[in-house]
Amino acid sequence: MSHPRSQVPPAAGSTAAVPADLPAGAGAGAGEEATVHALIARMSLEELVGQLFVMRVFGASATDPDPADVAANSADMGVDNAAELVARYHLGGVVYFAWAHNTRDPHQIADLSNGIQRGALGAGTPVPLLIAVDQEQGAVERIGAPVTSFGGGMGLGANGSAEDAFAAARIVGTELAAMGVNQNYAPVCDVNVNPANPVIGVRSFGADPAAVAALAAAQVRGYQEAGVATSAKHFPGHGDTVTDSHVALPVITHTLEEWQRVDAPPFRAVIAAGVDSIMTAHILVPQLDGSGDPATLSRPVLTGLLRERLGYGGVVVTDALGMRGVRVRHGDDRVPVLALKAGADQLLDPPDLDAACKGVLAAVRSGELSRERLAESVARVLRLKLRRGLFGRPLATHEGVDAVVGSRPHREAADAITGRGVTLLANASGVLPLRPGAERRVLVVGADPAAPSGVGGPPTAVLARELTALGVPARALPTGFAPGTAVIGEAVAAAREGVDAVVVATYNVTAGSREQLALVEALAGTEVPVVALAVRNPYDVAFLPPVAAVLASYGWTDVSMRAAARVVAGVVPPAGRLPVAVPRAGDPGRALFPVGHGLGY
C-alpha cells in the first residue's frame, strides 16, 4: 500500500467542526440528541461498527511513519499508517503506546493527533476520534518527560488530599489536551485489599473504599475541567486478586454483599461525579455471574450491576481485548460480539481488528445483534464526544504545547503533591533525617526498575543525584533485583569505606526475594545505618531484617525519587500515611502497620 510522504503540520486554529448539514446548535443542550441521531442516520453499517473500536497503531506520524512502523502496521493490520487504518475501519478511537512509537515528544504527539483527526474528518461521515492513553501516573505512564509526572495512585492515597488529587488530574489533563489527547484511561477505582495483587497494587489509591471513592471522584472532576474524558477502571473491581489478567483469568471470590461494601463505592462515586466511561475487568466473579465468562462478557455484571443497580448510562469500554483473561473461552471474532451483548459499548484494541470487525458485522447481519443495539452504543460514544467538545475543539498547536507541557508551575506542583505522600514507616534509631552538612556521605544501592514511559531513571542514580544537590553527598551503586554474592560483597565493601548511611531501594520484596533480603541483611551487618526505601509496594517492610529506618515512596519514577530525597535530607518532613495495611510476614491476618500509619520528624 502507498503511504504519503508528507508530515502533517501543526494546526493553526482549525477545528474538528460539526458537519454543515447537521442541526444548528449541534453538540450543545437540546441539539445534542438531534446531532447524535443525524450522525447515526447517515452512517453505513460499517461506520457504525467502526465507531465502537479503539485501536493501536504503530508510528510517530499519521501519514509518514518510519519504515519499521510501516512494516509493523502492514503485518499487524494490513495498512501502512494511522490515516489508512482510520479510513479503512472507520475507527471511533485510537490508543497511544510508547512501544508503538506514538509518544516520542510533545510536538510529535500533537502532530500525530492532528493527522489522525484529519484522517477521521476527511473520510465518510466526519466524526472526530477519541485519542486515548493510559497516563495513570506512577507505575503506568505512556508519555515521559518533559511531560509533567506525578507519583501515582497509592502515592496520592498516602497523601490523602482530594484537593491534591484534583490538581494532579487537572495538570495531567491540561497537558494531554495540549497534545491532542482527549481521553485518559484513569482513574483506577480498584480497592487494593490484597497485598499479593500482581497487576493493581500501587496503581490503586488504597484499601479503604471511602478514601478511594473520594480521590477517584476528585480526579474525574480534575480531568474533565481540563477538557479530557475519563475512564474509571476496572469494573466490577480488580483489587482482590493474585492473578494478572494480562496472562490468565483471575478469580475474585467476593459475594454480592462484599462487592457492595468493598468494590462498588468508588464506582458509585465516579458515576455521581459524571465519569465519561467505565472500563471493564477481565476477571471471573462467580458470586456475581456463574456462567464462567469474565466480567467483560457478563450481562449480569455489565447490565445487571453497572447499568441497572448503579444506574450508569454512559460509555462502557472493555479493557484491551488482546489480554489473555478475555480470550480463554472464545475466539477473537466472538469476544467483541459477546462484549456488546453483555452491555459494553467500546471495544479496546482487539488482537485481530479485521476478525473483530467482521465478527460484529456478521452478528448484525445474522440478527444476533440488532442494528438498534449497535446504534445504542454508537449514540453513547457520540454523546461523550459532543459533551467533551471534540466536534468544535481546535486541533493541537506547538504553541499550545509549549505553553503548558512540563511548565514550571506544573512541575513544582507535581513535586509538592508527590512529596506529601512519602511515608516514614520506621525510624527507631532516629537516623533520619540525614540533614546536610558535617561532610556526611551516603551510599545508595538497590533495585533499578525501568521507567514506565521509557524516559528517566535509573532510580538509584536519580536518588543519589538529588541527595547530592540537597547537600547530602551520595553515590549510587546499583545492585539490581537479584544481587549475587559478588555484588553484595561489593556493596558491603563500599559501605565500609567511611559512609555515614546506606539507602537501599527495595522492589516488591516477599519471603521469596532471597537476593534482595540477603543484600539488606549483609548491609545491616556492617553497623552502618541502613535506610530501606520501598520504591513500589509498601509491603516490603514486613519481610526486611531490622534496619535503622524504612520509607515508602510508592513509585520509582524521577518525581518519586526527588520526593524521597527531600524527605531523607530533611528538606520536607514525611507527611504520608499508609493507605493500605501492611500484614505481618507469615501471619497475614495481623497487621504490622495499620491503614493510616506514618511517622514524622
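A search of the whole structure, which is a predicted model, finds 6 cavities of 30 Å³ or more. The largest cavity holds about 120 Å³ of space, and the second largest holds about 80 Å³. The largest pocket has a volume of about 590 Å³. This briefing covers these spaces and then the surroundings of strand S14.

**Largest cavity**

- The lining of the largest cavity is formed by 13 residues, and His90, Leu91, Ala120, Ala123 and Thr125 are those nearest its centre.
- Helix H2 (45-51) and helix H4 (82-89) are the elements that contribute two or more residues to this lining.
- By class, the lining of the largest cavity comprises 8 nonpolar, 4 polar and 1 charged residues.

**Second largest cavity**

- Glu136, Gln137, Gly152, Gly153, Leu156, Ala186, Pro187, Val188, Arg203, Phe205 and Gln219 line the second largest cavity.
- The classes represented in the lining of the second largest cavity are nonpolar with 5 residues, polar with 4 and charged with 2.

**Largest pocket**

- The largest pocket is lined by 31 residues; nearest to its centre lie Asp134, Val140, Arg142, Arg203 and His246.
- Charged residues number 10 in the pocket lining, alongside 16 nonpolar and 5 polar residues.
- Arg203 is named both among the residues nearest the centre of the largest pocket and in the lining of the second largest cavity.

**Strand S14 and its partners**

- In a regular strand, side chains alternate between the two faces of the sheet.
- In strand S14 (residues 549-552), Ala549 and Leu551 point one way, while Val550 and Ala552 point the other way.
- These four residues, Ala549, Val550, Leu551 and Ala552, are all buried, that is, under 20% relative accessible area.
- Strand S9 (residues 423-426) runs antiparallel to S14 and is joined to S14 by 3 bridges.
- Within the pairing of S9 with S14, alanine 426 has valine 550 as its bridge partner.
- Strand S13 (residues 530-534) pairs with S14 in the parallel sense, with 4 bridges between them.
- Leucine 551 in S14 stands opposite leucine 533.
- S14 is thus described with two pairings, one antiparallel with S9 and one parallel with S13.

Terms used: Residues numbered from 1 in each chain as written. Predicted model: local features only at pLDDT ≥ 70, side-chain atom pairs only at ≥ 80, totals over all residues. Heavy atoms only, no water. 1 Å grid on protein atoms, 1.4 Å probe; cavity = no way out; pocket = protein on both sides within 12 Å on 5 of 7 lines; lining within 4 Å. Points joined across faces, edges and corners; volume = space filled by probe spheres on them. Nonpolar A, V, L, I, M, F, W, Y, C, P; charged D, E, K, R; others polar. Buried < 20%, exposed > 50% of the residue type's maximum accessible area, 1.4 Å probe, protein only. Pairing = 2+ DSSP bridges.
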